[in-house]
Amino acid sequence: MAGRINDEDVKAVRDAVPIDAVVSEYLQLRNAGGGNLKGLCPFHDEKSPSFQVSPSKGFFHCFGCQEGGDTITFVMKIDHLTFSEAVERLAGQAGITLRYEEGGYNPTHQRGERIRLVEAHKIAAEWYAEQLATGPEAETGRAFLAERGFDQAAAQHFGVGYSPQGWDHLTRFLRGKGFSDKELLLSGLSQEGRRGPIDRFRGRLMWPIRDIGGDVVGFGARKLYEADNGPKYLNTPETAIYKKSQMLYGIDLAKKDIAKASRAVVVEGYTDVMACHLAGVTTAIATCGTAFGGDHIKILRRLLMDNGSARVIFTFDGDAAGQKAALRAFEDDQKFAAETYIAIAPDGMDPCDLRLAKGDDAVADLAEPRTPLFEFALRQIVSRYDLDTPAGRASALEEAAPVVARIKNSGAQHEVAVQLAGMLGILDTQFVVKRVAQLARWARDRGGKGPAPDQRQRGTAPQQQAAPARAAAPGPALNLRNPVFATERELLKLALQRPDLVSPAFDAYGVDEFTAPPYAAVREAILEAGGAEFGVQDPQDYLVRVREAAPDDAVRATVTELAVEAIMRRAVDEMYAGEVLVRVRRRAVERRVHDVNGRLARLSGHGDPAELTAVQNELWVLQQYDQTLRTHGAAAL
C-alpha cells in the first residue's frame, strides 16, 4: 500500500495551480478590489456574493458561511474528495508527477474511489468516440447524426461516441486497463449479468456527460435499433460521481460564455445543445433525464452571479408536454435573481429541428428573450377561461392571483399584478393589485412569518413628500438586487458616495420615489442627516450621521453596504449622476401616470364631469413634465 504524498510535491501542486483558475471552473469571479475576487459562495445559498478569493495569497474565504482554505481545500470541499484525491487531481492538471513515501510511486493504490471512477469514464468516453469514428458497426450512429445536421467534426467537439452491440466489449477493454469488476459496477458502466459484469450500454449513440470541472461522470445513450427493447434514452444510474439532479449537459463548454454574457439558454436534449452551440448560441445547456430543478439553479446562479442584467431563457416544445415543463420551471422562477424567459420555436420545433429546417440564424433568433416566463404561465391559466363574462374573469383571477402572490419581490409583484389586470380586461387595476397583496400576506402569515408590512401608496406626484418610511425596514423576502430596484440603488450609492454630484436635486426627491421599502428608509435617513447637501459641506461626518439616523440595524447595514459598493459606471461624473436622477424621477412619473389612467378608465362614461376634467388636466401636466425630462434631462429637475 502506497504511503502519504511527498510534502514537497504537495507544495509544488499548491504553487503550480492558481486558486482563481480552479475556483473559476465552478463559479463566476469578479473584481472585489484590493487584488481580491468575489463570487457567489458554492457552499451555501446566497443572493449577494460574500465569497472572496485572494490570488496573491492562494486562499479563499466566505464571509457568509465561514468556509475557507487553499486550493486543495477548495477542491476537496467542492467535489467531496479526500486530501490525496484532491492533490492528485490538481497534480494531473499541472502535469506534476507525485512521489509517495513508504512505498514509492504507486498512484493506482493511492487513488481514491472517485478518482478511479472518473478515470474509468474518461477511458470509456475515448473508446466510445473511437468506435463511432472508425467502427463499421457505428455507421448507423453516424447516419443518425448526419440526418440531424451533425458531421464528424461536431461529433468530435462534443465527444459523441458509439457503444457496440454485444455483451461485454467495454467491460473487457476496461479490465485490460486495470479496472476491477467492482469498480466497473460502481461506475455504472457495467451491470451484473448471468456470468459476471456486462456492458450497460449496447448498440447506442453515446453522449459523455461532464461535470462543471470537465470530468466525464456519466453518459446519455440514445437507442438506434428497433430490436432494442430499452427506453429511447438511457442514462447512467446514480453513482458516487453522477447525480442527475446536479448535472447539466454542456455546462463544461458553456460555463465561460454563460458567465461572460450573463445569459443561459436551457434546452431539452443533447442534440438541442449541439444545435445551439453550432449555431453560435454557446450558452446552451440541458438537464440529463430529469426536470430542471433547484440544484440546477444553484449551478447557474454561481455562474450568472445574479447580477441585474442576467437572463435565463427556457426553450420548450409547443405541445402540451412542453407547456407543462414551462409551468414547472416557473415554479422555481423565484429562486433566480435573473430574469427568466420562455422561447417556443415556430411549429413547435426543437432547436435541432429548427436548425435543420431554417438554419443557424433561426436558432440564434429563438434564443433571444421575448416572453417573460411569468407572463407565459399566467397566459396559460387565463386562456382556460371565458373572459367575456364577469364570472370567467373572476374565476381566472382567483386561479392566477396566487401565482402572482408567490413572487417574493414586492416591486415585481406589483408590476405583474398590473399586467394580470390587463390580461383579464379588468380596468380597476388596484382591485387586482390589492387581491394579490392580500394573498401574499396570507401566505406569509401561514408560513409563520407574521403579517406583511403595510403597503404604501405608490402613486404620488413627483415633487410630493410622502409619509415617513421608518417601518419599511428590509424584509426577508425582498431581493434588493432585483433589476426593478437597480436605478434606485444606484442613486442612493451616488448620494452616499458622491453627494457633490447629486446635490441639491436629490434632496428634493420624496421618500415615495423609492419603491423598495429599505431604500425609502435609507432615503429618509439621508434626509434626517441633513441631506446630500450636508454631505458636500462635511464629507467626513456625513456617513456617520446617516448611519446614526437609520431607524434600526437592518437599515444601518444597508447604508453601509451602499456606501462601499462600487458605482456601476467607472467614470462617474455629473452627466452620469444626472442620468440616474432623471431615470428615478421618470419612473415615479410613469407610476403616477399609470394610476391616473386607471382613474380615467373608471370615471369614463359614469363619473362626475368636474372630477373627470381635473383628472384629465393632471394627466396632461404629468405627460408634459415627462416630456420635459426626456428633452432637457437633469436641467428639468
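The following paragraphs describe the fold, strand pairing, aromatic contacts and selected local features of a predicted model.

The protein chain comprises 28 helices and 17 strands. Of its 637 residues, 50% count as buried. The exposed surface of the protein chain amounts to about 29,200 Å², of which carbon and sulfur atoms supply 50%. Among contacts in the protein chain with a separation of 6 or more, 67% are made by residues 24 or more positions apart.

An open sheet is formed by 6 strands in the order 12-14-13-15-16-17, with mixed pairing. Its edges are occupied by strand 12 (248-249) and strand 17 (371-372); each has a single partner strand, so one side of each is left without a neighbour in the sheet. Strand 12 is joined by 2 bridges to strand 14 (residues 284-287), and the two run antiparallel. Within this pairing, L248 has T287 of strand 14 as its bridge partner. Helix 12 (residues 270-278) lies across strand 12, strand 13 (263-267) and strand 14, and runs at about 175° to strand 14.

The two bridge partners L248 and T287 recur in the surroundings of H296, a residue of helix 13 (residues 294-304). With neighbours within four places in sequence left aside, H296 is in contact with K244, S245, Q246, M247, L248, T287, T290 and A291. H296 has a relative accessible area of 1% and is therefore buried. Strand 13 is preceded by a loop that begins after helix 11 (251-261), and S262 is found in this loop. The phi angle of S262 is near 55°, a positive value in a residue other than glycine. With 7% relative accessibility, S262 counts as buried.

A further set of antiparallel pairings centres on strand 10 (residues 216-223). Strand 9 (residues 204-210) is joined to strand 10 by 7 bridges, and these strands run antiparallel. R204 has K223 of strand 10 as its bridge partner. The hairpin of strand 9 and strand 10 has 5 residues between the strands, and G214 in this hairpin takes a positive phi near 100°. Strand 10 is also joined to strand 11 (residues 233-235) by 3 bridges, again with antiparallel strands. In this second pairing, the bridge partner of A221 is L234 of strand 11. Strand 10 is mostly covered, with 7 of its 8 residues buried.

Aromatic contacts were examined next. A search of the whole structure identifies 19 aromatic pairs. One of these is formed by Y26 and F74, which are edge-to-face, with 5.7 Å centre to centre and 70° between the planes. Y26 lies in the loop between helix 2 (19-23) and strand 1 (30-33), whereas F74 belongs to helix 3 (residues 71-79), so the pair ties together parts that are 48 residues apart in sequence. Both Y26 and F74 are buried. The ring centres of Y128 and F219 are 5.1 Å apart and the planes stand at 90°, so this pair is also edge-to-face. The latter pair links distant parts of the chain, with Y128 in helix 6 (residues 113-134) and F219 in strand 10, 91 residues apart. Y128 is buried at a relative accessible area of 1%, and F219 likewise counts as buried at 1% relative accessibility. Y26 and F74 also belong to one aromatic cluster, which is formed by Y26, F43, F51, F60 and F74.

The cysteines were also considered. The count of disulfides comes to 0. For C41, the closest cysteine sulfur is that of C62, at 3.6 Å, which is too far for a bond, given that the cut-off for a disulfide is a pair of sulfur atoms within 2.5 Å. C41 counts as buried at 4% relative accessibility. C288 also counts as buried, at 0% relative accessibility.

One further backbone feature concerns a proline. S503 and P504 are joined by a cis peptide bond, with omega about 5°. P504 is located in the loop between helix 22 (499-502) and helix 23 (517-528).

Definitions and conventions: Residues are numbered from 1 along each chain as its sequence is written. This is a predicted model: local features need pLDDT of at least 70, side-chain atom pairs count only at pLDDT 80 or more; totals for chains, interfaces and linings use all residues. Side-chain values use heavy atoms; hydrogens and water are left out. Two strands pair if DSSP finds at least two bridges between them. Helices (H or I, at least four residues) and strands (E, at least two) are DSSP runs, numbered from the N terminus. Contact means heavy atoms within 4.5 Å. Axes are lines fitted to C-alpha atoms, for helices over the stretch in contact, and angles run from 0 to 180 degrees between N-to-C directions. Buried means under 20% relative accessible area, exposed over 50%, partly exposed in between (1.4 Å probe, protein chains only). Accessible areas come from the Shrake-Rupley method with a 1.4 Å probe; for residues, only the protein chains shown count as cover. Rings of Phe, Tyr and Trp (its six-membered ring) pair if their centres lie within 6.5 Å; planes under 30 degrees apart count as stacked, over 60 as edge-to-face and the rest as tilted.
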